[in-house]
Amino acid sequence: MRYADADLTLLFYHYFKPLSDFRNQVVWITGASSGIGEHLAYALVKSGARLALSGVNVERLTAVGERCKEISKYAKKDILLVPFEINNFEVHDECVKKVLDHFGQIDILINNAGIGHIAKFADVDKADDQRLFSVNVFGNISLTRRVLKHFLERKKGHIVVTSSSSGKLGTRYSSTYAGTKHALHGYFECLRSEMLDENIDITLVCPGPVVSKLTRRSPTGKVEEKDDRQQQSTYMQMSTERCSDLMATAIAYKLDECWISLQPFLLTFYVAQYFPSKFRTLAIMYIIKSFFFKGMKKRLTSKDGTDSH
Ligand SMILES: NC(=O)c1ccc[n+]([C@@H]2O[C@H](COP(=O)([O-])OP(=O)(O)OC[C@H]3O[C@@H](n4cnc5c(N)ncnc54)[C@H](OP(=O)(O)O)[C@@H]3O)[C@@H](O)[C@H]2O)c1
């Protein structure tokens with residue numbers, strides 16, 4: 001357990017079952033221009049998936065698409081770029097049409113696009129609340145509803161959602177972000193129960209801290225330029241590649257929900273799940289206080305040069 005970096009079901013599938021072949025499967029990944037989505041694209045294309053890749057930054061998306069073509073063993077040309085802003089709901093129909101016109105089908109939709117947010121509850125700007133819900137929740141839900149029509153016509157499909165540890169439990173300075181991720185669980189757990197007889201699967205992926213640009217973005221999506229040491233895996237952050245590889249296994253085996261995280265965060269998932277009372281808060285606080293909050297407090301302090309706490 002000490003060295004586990006995912007829940008035990010996922011680790012079982014990852015180590016004892018071969019990664020299934022995604023050959024001929026059309027996988028649409030949103031948020032594919034960087035971070036987890038980018039590396040998931042590499043993991044899936046190596047297993048033969050045909051990919052539709054979405055993101056906002058066209059330059060980055062093009063680079064990811066080119067890399068996918070280089071490493072793809074099977075369908076060298078079957079990479080389609082579909083750049084769009086997920087919170088621009090008007091373009092969703094057009095994007096779905098673009099993917100269907102190109103591939104004729106969608107097998108897996110991976111709702112991965114998202115933005116982060118760090119602030120004290122009392123200091124959160126209403127515009128940030130709205131922006132985060134618009135991107136992380138309503139954008140993903142709106143796109144899913146459109147793709148779901150296609151899945152229902154085909155009588156099969158798989159919807160994957162990149163949630164977060166913040167979708168399972170709340171921590172300090174994450175209220176808006178955690179609110180969006182909890183909301184995703186509400187929407188997709190209900191959809192799962194509606195889809196039980198429809199051959200449509202839902203996988204909710206809950207990573208803990210992973211190396212990416214997420215915490216360097218402002219809610220408008222602009223990435224702060226910080227030195228690249230932030231891209232290295234640290235003691236508490238899982239590498240992007242490892243997270244994406246584990247996620248690929250969860251998708252291949254259509255796991256309902258999976259937890260992906262280094263310790264001590266993984267332990268907090270179990271505590272939150274199995275001790276839903278007083279002990280839970282105390283234990284979680286004890287487990288992560290000394291590790292995580294210190295780092296966050298430092299970030300909040302360095303942002304405006306003053307310690308606001
Ligand atoms: N990193 C972590 O610690 C962590 C932990 C748990 C869950 N997650 C979740 O993992 C997902 C991917 O994040 P990441 O860590 O890989 O961060 P990232 O490197 O910042 O990637 C975020 C992706 O989402 C896209 N995106 C952002 N705003 C968008 C918008 N308005 N419309 C369309 N696409 C948009 C970005 O596109 P552009 O770059 O082109 O703008 C980028 O491709 C997110 O849902 C995040 O909440 C991350």
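Where does N199 lie in this protein? In this predicted model, N199 is placed in the loop between α6 and β6. The report returns to that residue after describing the overall fold.

## Overall architecture

The protein contains nine helices and seven strands. Of its 309 residues, 41% count as buried. Among contacts with a separation of 6 or more, 73% are made by residues 24 or more positions apart.

The largest nonpolar core has 69 residues, and the members that touch the most others are V27, A41, L44, L51, L53 and I260. In soluble globular proteins, nonpolar side chains tend to be buried together. One of these core residues can be followed further: beyond its neighbours within four places in sequence, L44 is in contact with F22, V27, A49, L51 and A248.

## Strand β5 and its partners

Strand β5, residues 157-162, is mostly covered, with six of its six residues buried. G157, I159 and V161 point one way from the strand, while H158, V160 and T162 point the other way, and all of them are buried. In a regular strand the side chains alternate between the two faces of the sheet.

Strand β5 pairs with β4 and with β6. Strand β4, residues 108-111, runs parallel to β5 and is joined to it by four bridges. Within this pairing, I108 has H158 of β5 as its bridge partner. From β4 the chain passes through helix α5, residues 126-154, to reach β5, and this β-α-β crossover is right-handed.

The pairing of β5 with strand β6, residues 200-207, is also in the parallel sense and extends over six bridges. Here G157 stands opposite I200 of β6. The connection between these strands leads from β5 through helix α6, residues 175-194, to β6, and this β-α-β crossover is right-handed.

## The shell around the ligand

There are 30 residues around the ligand, of which G31, G35, N57, G114 and S212 come nearest. By type, the shell divides into 11 nonpolar, 15 polar and four charged residues. Helix α2, residues 35-46, supplies the largest share of the shell, namely three residues.

## Backbone features in the loops

Most residues other than glycine have a negative phi, and most peptide bonds are trans. Three places in this model are of interest in that respect.

K155 has a positive phi of about 60° although it is not a glycine. K155 lies in the loop between α5 and β5. K155 counts as exposed because it has 9 C-beta neighbours inside 10 Å.

N199, the subject of the opening question, has a positive phi of about 60° and is likewise not a glycine. Is N199 buried or exposed, in whole or in part? N199 counts as partly exposed because 13 C-beta neighbours lie inside 10 Å.

The third place is the peptide bond from Q263 to P264, which is cis, with omega near 10°. P264 belongs to the loop between β7 (257-260) and α8 (265-274).

## Surroundings of I71 and A119

The table below lists the neighbour counts of four residues discussed in this report.

| Residue | C-beta neighbours within 10 Å | Class |
|---|---|---|
| K155 | 9 neighbours inside 10 Å | exposed |
| I71 | 11 neighbours within 10 Å | exposed |
| N199 | 13 neighbours inside 10 Å | partly exposed |
| A119 | 18 neighbours inside 10 Å | partly exposed |

I71 lies in helix α3, residues 58-71. Although I71 is nonpolar, it is exposed, because 11 other C-beta atoms lie within 10 Å, and a residue with 12 or fewer counts as exposed. Apart from neighbours within four places in sequence, I71 is in contact with Y42, V45 and K46. The C-alpha atoms of I71 and Y42 are separated by 7.5 Å, and these residues are 29 residues apart along the chain.

A119 lies in the loop between β4 and α5. With 18 C-beta neighbours inside 10 Å, A119 is partly exposed, because 20 or more would be required for a buried residue. Not counting residues up to four places away in sequence, A119 touches V124 and Y173. The C-alpha atoms of A119 and R172 are separated by 8.5 Å, and the two residues are 53 residues apart along the chain.

Terms used. Residues numbered from 1 in each chain as written. Predicted model: local features only at pLDDT ≥ 70, side-chain atom pairs only at ≥ 80, totals over all residues. Core = buried A, V, L, I, M, F, W, Y, C linked by C-beta atoms within 7 Å. Contact = placed C-beta atoms within 7 Å. Near = placed C-beta within 6 Å. Helix = DSSP H or I, 4+ residues; strand = E, 2+ residues; numbered from the N terminus. Pairing = 2+ DSSP bridges. Right-handed = clockwise from strand over helix to strand, strands pointing away.
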